[in-house]
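Open the structure in your viewer and have the selection tool ready. The tour goes one selection at a time.

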Amino acid sequence: MVSAYVTNKMRNLRDAYSSALIELGYKNENIVVLDADLALSTKTKRFGTVFPDRFFDMGISEANMMGVAAGLATCNKIVFASTFAVFATGRCYDQIRQSIAYPCLNVKIVATHAGISVGGDGASHQMLEDIALMRVLPNMRVLAPADATEMEDVIPVIASMQGPFYVRIGRADAPIIFERHRKFRIGKAYVLRKGSDVTIIATGTMTAEALKAYDLLKKNGIEARIIHMPTIKPIDKNAVRKAAKETGAIITAEEHTIIGGLGDAVSMAMDEPVPMIRIGVSDVFGESGGARELMEKYGLTAENIAKQAKKLVKARK
Amino acid sequence: MHDATLIKELKRKALEIRKWVIESVYRAGSGHPGGSLSIADILACLYFHEMRHNPKNPKWEDRDRLVLSKGHAAPALYAALALAGYFPVKELYNLRKIGHFLQGHPSMITPGVDMSTGSLGQGLSVGVGMALAARLDNRDYRVFVILGDGEVQEGQIWEAANAASHFRLNNLIAILDRNRLQIDGPTEEIMHDEPLALRWKAFGWEVVEIDGHDLEEILNVFHEIKHNERPTLIIAHTIKGKGVSFMEGTLSFHGKAPTHEQYIRAMSELEQEERELNG
């Protein structure tokens, strides 16, 4: 079991991303970073300041950026391409499909500002379908790290592995959950609490909420198993099956539409279905508002996870 | 002036490419002969004279790259690659056949294919990436991108054109197959594209125009543009279906295989031309 607690220390995953990139840049001269006029927001600009030769701002042309990334990757470059999740995946689906995933090129798409917690920018910028879009592509692996520590663990690992990755992170600062660095493993579920009454599988920003939900449930005498699923594809089937078998009910929690994301990946991974509730945004567009307000309005909270878990446990009795 | 033996040899290669386009598309029962035939002469010049490449080492890091952005002309590319020695010529019989590597549109699983293409408008961006990589690695290879004239209706082409000029990628050469036909009709009727050269010049490219079937002109243009300081667009005026009388300038052979009778006619025309050439 990995030690994980929701601490009071907040750190932005984008900062962690740029630190990890710079460290990689020193170690490997084949690392090249692209952005599409959001380098200050995604924080890739920091890499560009340290390694100006290996950083290209492609301007507001995301489709072109993905193609350029592919071209660089055919010439042995390990390319990180960043912009907001809504543009990285929605706008460039065909470029990613044809020019990156199909030829299985070494392009790491690291998208920021995913999910509803983008806040004030509203529905146009709140990407809730990106996991679904990237998950359906053969060769593509999909990750949603939970905190800055994990983000720093993920980046060098995906750089060391051949082929495309999609990593989604949010805009807001997030509580540190993992105080210690790990040897991160792609495709591995991390059990954070060992309960057996019900399983909560969470990814990205929702893992912190799941940990808080554990405490709420414990007060009600329910011992939940908390699984952090940073790799949504390839999903850790064994962990899902084991949890289904040992706890008999599963809740998934993701800051994403309930269609096509973690919930679907988990349900596909089960060999025998067990009662399941998906927590996510239920097939609607978001709206402007404060990050926390939106998470609450759309049910992306520890309280809602705990409520649904209780419902599920009660129904089984 | 290039020496007559070279021109004759390249003519022979272009004819062989054309014959294989007809043969492979006929056997596949589907494919795009028109736009394949229009680039046969250009491909012959590139693969059998101009490009620095090594069929025995398809991934050679210093090789010139070719991105067939108009991926539907794959039969011509495959013929050129096979004749150059990237894979056995007999593989051309397996175009579009299940379990074989010659996909309907270029895929990097095929030896010698530098980029998978097929969805129009993406190849020039890839070329920009390859050209940037050359600069990063201090290598002097060139990147050739073959574009269709219908294809440049895609907005991404212009994003890439802009980027290439911004980064002053003089190692990037785009060749525009100006055959003036796209699936739904003449390019100018479907979506007006003139003044084509001026548009590219406005984006900061060097633009030259040639007859895309005149081998002498094709060879010369590569020589002329060698010291350009910006990316170069070669507008190659071509005839769709070039080399087969009943396919020339006709829309219907954009994406249709010849019937058995048409196949016999096409092959006999090309063989006749070959005999005349070998005279």
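Start by colouring the two domains of chain A separately: domain 1 covers 10-175 and domain 2 covers 190-316. Keep in mind that this is a predicted model.

Next, select the residues of each domain that touch the other. You should have 29 residues from domain 1 of chain A and 33 residues from domain 2 of chain A. The C-alpha centres of domain 1 and domain 2 of chain A are 25 Å apart.

Now show the surface of this contact. The size of an interface is often given as the accessible area lost when the parts come together. Here domain 1 and domain 2 of chain A bury about 2,200 Å² between them, and carbon and sulfur atoms account for 60% of that.

Stay on the domain 1 side and select Ile116(A), Leu128(A) and Arg135(A). These residues of domain 1 lose the most area to domain 2 of chain A, and together they make up 31% of what that side buries.

Which kinds of polar link join domain 1 and domain 2 of chain A: salt bridges or polar contacts? The count of salt bridges between the two domains is zero. The count of residue pairs in polar contact is 21, with both residues at pLDDT 80 or more.

Then select helix H7 (130-135) and strand S6 (141-143) of chain A, the elements that give two or more residues to the side of domain 1 that touches domain 2. H7(A) gives the largest share, four residues.

Last, colour that side of domain 1 of chain A by residue type: 15 residues are nonpolar, seven are polar and seven are charged.

How values were computed:
Residues are numbered from 1 along each chain as its sequence is written. Chains are lettered from A and ligands numbered from 1 in the order in which they are written. This is a predicted model: local features need pLDDT of at least 70, side-chain atom pairs count only at pLDDT 80 or more; totals for chains, interfaces and linings use all residues. Side-chain values use heavy atoms; hydrogens and water are left out. Domain bounds come from an automatic or database domain assignment. Contact means heavy atoms within 4.5 Å. Buried area is the accessible area (1.4 Å probe) that two parts lose on being put together, summed over both. A salt bridge is a side-chain nitrogen of Lys or Arg within 4 Å of a carboxyl oxygen of Asp or Glu. A polar contact is a pair of N or O atoms within 3.5 Å; within protein, one must be able to donate a hydrogen and the other to accept it, and residues adjacent in sequence count only if both atoms are side-chain atoms. Ala, Val, Leu, Ile, Met, Phe, Trp, Tyr, Cys and Pro count as nonpolar, Asp, Glu, Lys and Arg as charged, and the others, Gly among them, as polar.
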